Amino acid sequence: MTIAAYDAIADWYDDYVTTTATDYSERVRAVLADLLGPGSGRCLDLCCGTGAHAGELRRLGWQPIGVDLSGGQLRHARTRLPVARADATALPLPDGVLPAVACVLAHTDMPDYPAAIAEAARVLAPGGRLVHVGVHPCFVGAFADRAEPGRILLDEGYAERDRSFRSWNSVGVRARVGAWHVPLADLLDAVPAAGLTLTAVRESGSGPLPDILALRATKP
């Protein structure tokens, strides 16, 4: 089971995503809305954290339910949506019961994200959709120095898949909890490997260089 790294910083993180990172969070939610679209029924907020995106899911018409490994994060999340504490690779749900799953800003918190995609595919009903919104694997990570506006300096660490606490931002999330890097090929390959069909890809950035990559896939 993945270590619940956010327990120690849950209060700080809840404040961070709702104050310091407000502009970024709004862009994330815009991409989520674009790919998930309106719907009804339950949408699993996979690795829901503090439940920061539950309101957007409800605005789109979905009934959000959340799972996360961090009890500290779930203290905040349970005020925003129904939640359960669980590992993303072992969901407490039967096969084929959900019309939608959204995983937002969580793939770098897991040592085996393809396994989480496979588990999401298992609980999706035929025709159901999975939306992934995450940091851009080519331009965000321990290997990418974004300290200079308008420029990203990449080093050889792109190929490393182990957890790293190395970060150009010494006061950000990754310097506190670390991150597992998922290269672009690994992320894309995980979709068909789980039996899903990739239907859309989006990039987003505050400028010309993207810091968000999002995917939508459907279950045949």
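This is a short walk through one structure, starting from its sheet and ending at a glycine in a loop.

Okay, one thing up front: what you're looking at is a predicted model.

Let's start with the record. UniProt, in an unreviewed entry, puts a feature called "domain: Methyltransferase" at residues 44-128. In the model, that stretch comes out as 28% helix and 28% strand, and the C-alpha atoms at its two ends sit 11 Å apart.

Now the sheet. There are 7 strands in an open sheet, and if you read across, the order goes 3-2-1-4-5-11-10, with mixed pairing. So which strands stand at the edges? Those are strand 3, residues 83-85, and strand 10; each has a single partner strand, so one side of each has no neighbour in the sheet. From one strand to the next, the twist averages 15°.

Let's zoom in on one pair. Strand 4, residues 98-104, runs parallel to strand 5, and the two are joined over 6 bridges. If you want a spot to click on, take C103: its bridge partner in strand 5 is H132. Helix 5 packs on this sheet as well, touching strand 1 (42-46), strand 4 and strand 5. The direction of helix 5 makes about 150° with that of strand 5.

Next up, helix 7, which covers residues 184-193. Which of its residues are buried? L187, A190 and V191 are. They span an arc of only 105° around the axis, and that's why they end up on the same side of helix 7. As a reminder, an α-helix has 3.6 residues a turn, so residues three or four places apart point the same way. Flip to the face turned away from that buried side, and you find D189, P192 and A193, which are exposed.

And what do the buried residues of helix 7 pack against? Helix 5 (113-123) is there again, along with strand 5 (124-135), strand 10 (197-204) and strand 11 (212-218). Just past the end of helix 7, have a look at G195, which takes a positive phi of about 85°.

Last stop: G205, in the loop that links strand 10 and strand 11. Its relative accessible area is 25%, so G205 counts as partly exposed. Leaving out residues up to four places away in sequence, G205 touches R27, P210 and D211. R27 is the one I'd point to on the screen: it's 178 residues away along the chain, yet the C-alpha atoms of G205 and R27 are separated by 8.3 Å.

That's my tour, thanks.

Methods: Residues are numbered from 1 along each chain as its sequence is written. This is a predicted model: local features need pLDDT of at least 70, side-chain atom pairs count only at pLDDT 80 or more; totals for chains, interfaces and linings use all residues. Side-chain values use heavy atoms; hydrogens and water are left out. Buried means under 20% relative accessible area, exposed over 50%, partly exposed in between (1.4 Å probe, protein chains only). Helices (H or I, at least four residues) and strands (E, at least two) are DSSP runs, numbered from the N terminus. The arc is that of the directions from the helix axis to the C-beta atoms. Contact means heavy atoms within 4.5 Å. UniProt positions are given in the numbering used here, feature names are shortened, and annotations may be inferred rather than shown by experiment. Two strands pair if DSSP finds at least two bridges between them. Axes are lines fitted to C-alpha atoms, for helices over the stretch in contact, and angles run from 0 to 180 degrees between N-to-C directions.
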